[in-house]
Amino acid sequence: MLTSILVSGLGLGSMYGLVALGFHVTYAVSGTVNFAQGSVVTLGAVLAYTLGVTLGWPMPAAIVLALAGCALFGLVVERALVRPFVARGSDAWLLATVAGGIVLDNTVLFTFGKEPRSLPSPLATKPVEILGTGIYPLQLVIPVVGIALAFAIRTVFRRTDLGRVLLAVAQNADAARLMGIDVRRTVACAFALSAVLAGIAGLLIAPLFSVSAELGTLFGIKAFAVAILGGIGSATGVILAGLLYGLVEAGVTATLGSTYTQLVVFSVIILALTLRPDGLLGRAAVNKV
């Protein structure tokens, strides 16, 4: 049981962390987030299934185009649902992105249908036995990919020109603009990257779950909870919170049953935020007067 809890918890936790990292990227750069992030998880899986299974395209090409579709949706969200409201100093982008996610979910529902479908993967066909527990190879791959992507993004932020541009905009958008940085384009890139991360999460979990219009709904809510728990301004905190969340969720499900999972896990989150209001590795904002 312990092996199953560890593998399942780390796998789900790394995916929660990956989607939550998308919240971190947009928040760090623009002070906004895309509340349609969970819907993008669904979009990635549905596009890959439609292109790779329904249309019979090679799966690598289907995956690349699915992620491109996610990136495009991220750009649309930033341009149509965030930028106009931010330019007017309005917080209506909060509701606009929620509405955008609902529109996407219903579009998928009417075009893809309600029937759950399975996305085939050679890593999720036959379980292997590890310490007496049957585990699909994909369950071992997921945490490796999730954690590797998290560290890759952290490296991009710290050691590449693109990362330095993103950090410059995050620290002071006005100063970055005076230095010749296209702030709008930079924010748009952050939203595209955020959507790609969610799409990758959708592609990784789809073979283990059923592909449906509701795949990413609860996933997005949990990922946002992870982002807040870790401290949305800290990439390391977000990933750490994702792993902890996944382990706690898997442990509660294995010991108490799925009926109590959300009750216990979100109660733990409330307690944690009561003790650490800014998140595990978050820092309180300092207002200059």
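Colleague: Before we look at M15, what does contact mean here?

Modeller: Contact means that heavy atoms lie within 4.5 Å. In this predicted model, and leaving aside neighbours within four places in sequence, M15 is in contact with I142, G146, A201, L204, I205 and F219.

Colleague: Where does M15 sit, and is M15 buried or exposed?

Modeller: The residue belongs to helix α1, which spans residues 2-30. Buried means under 20% relative accessible area, and M15, with a relative accessible area of 0%, is therefore buried. One of its contacts, I205, is 190 residues away in sequence, yet the C-alpha atoms of M15 and I205 are 8.0 Å apart in space.

Colleague: How many of the contacts across the whole chain join residues at least 24 apart?

Modeller: Taking contacts between residues at least 6 apart in sequence, 71% join residues at least 24 apart.

Colleague: Which residue could serve as a second case of reading burial against the cut-off?

Modeller: Consider R83, found in helix α3, residues 59-87. The threshold is again under 20% relative accessible area, so R83, at 19%, counts as buried. Its contacts, with neighbours within four places in sequence left aside, are E78, R184 and A188. For the protein as a whole, buried residues make up 45% of the 289 residues.

Colleague: What pattern do the secondary-structure elements follow along the sequence?

Modeller: The protein has 11 helices and two strands, and reading along the sequence gives α-α-α-α-β-β-α-α-α-α-α-α-α.

Colleague: Which residues does the UniProt annotation "transmembrane region" cover, and how do such segments look in the model?

Modeller: According to the unreviewed UniProt entry, the annotation covers residues 6-28, 61-81, 93-113, 133-157, 187-209, 221-245 and 252-273. Over residues 93-113 the model is 95% helix and 0% strand, with the end C-alpha atoms 29 Å apart. Over residues 133-157, by contrast, the chain is 84% helix and 12% strand, and its end C-alpha atoms are 39 Å apart.

Colleague: Why does the radius of gyration agree with that of a compact globule?

Modeller: The comparison rests on chain length: with 289 residues, a compact globule would have a radius near 19 Å, and the protein has 19 Å, so the two agree. Along the principal axes, the C-alpha atoms fill a box of roughly 60 × 50 × 35 Å.

Colleague: What can be said of the surface and the charges?

Modeller: The accessible surface comes to about 14500 Å², of which 67% belongs to carbon and sulfur atoms. As for charge, the mean positions of the 17 positive and 11 negative charges are 7 Å apart.

How values were computed
Residues numbered from 1 in each chain as written. Predicted model: local features only at pLDDT ≥ 70, side-chain atom pairs only at ≥ 80, totals over all residues. Heavy atoms only, no water. Helix = DSSP H or I, 4+ residues; strand = E, 2+ residues; numbered from the N terminus. Rg over C-alpha atoms; globule rule 2.2 N^0.38 Å. Buried < 20%, exposed > 50% of the residue type's maximum accessible area, 1.4 Å probe, protein only. Areas by Shrake-Rupley, 256 points an atom, 1.4 Å probe, with all protein chains shown as cover. Lys, Arg positive; Asp, Glu negative; His and termini not counted. Charge placed at Lys NZ, Arg CZ, Asp CG, Glu CD. UniProt positions renumbered as here; feature names shortened; annotations may be inferred.
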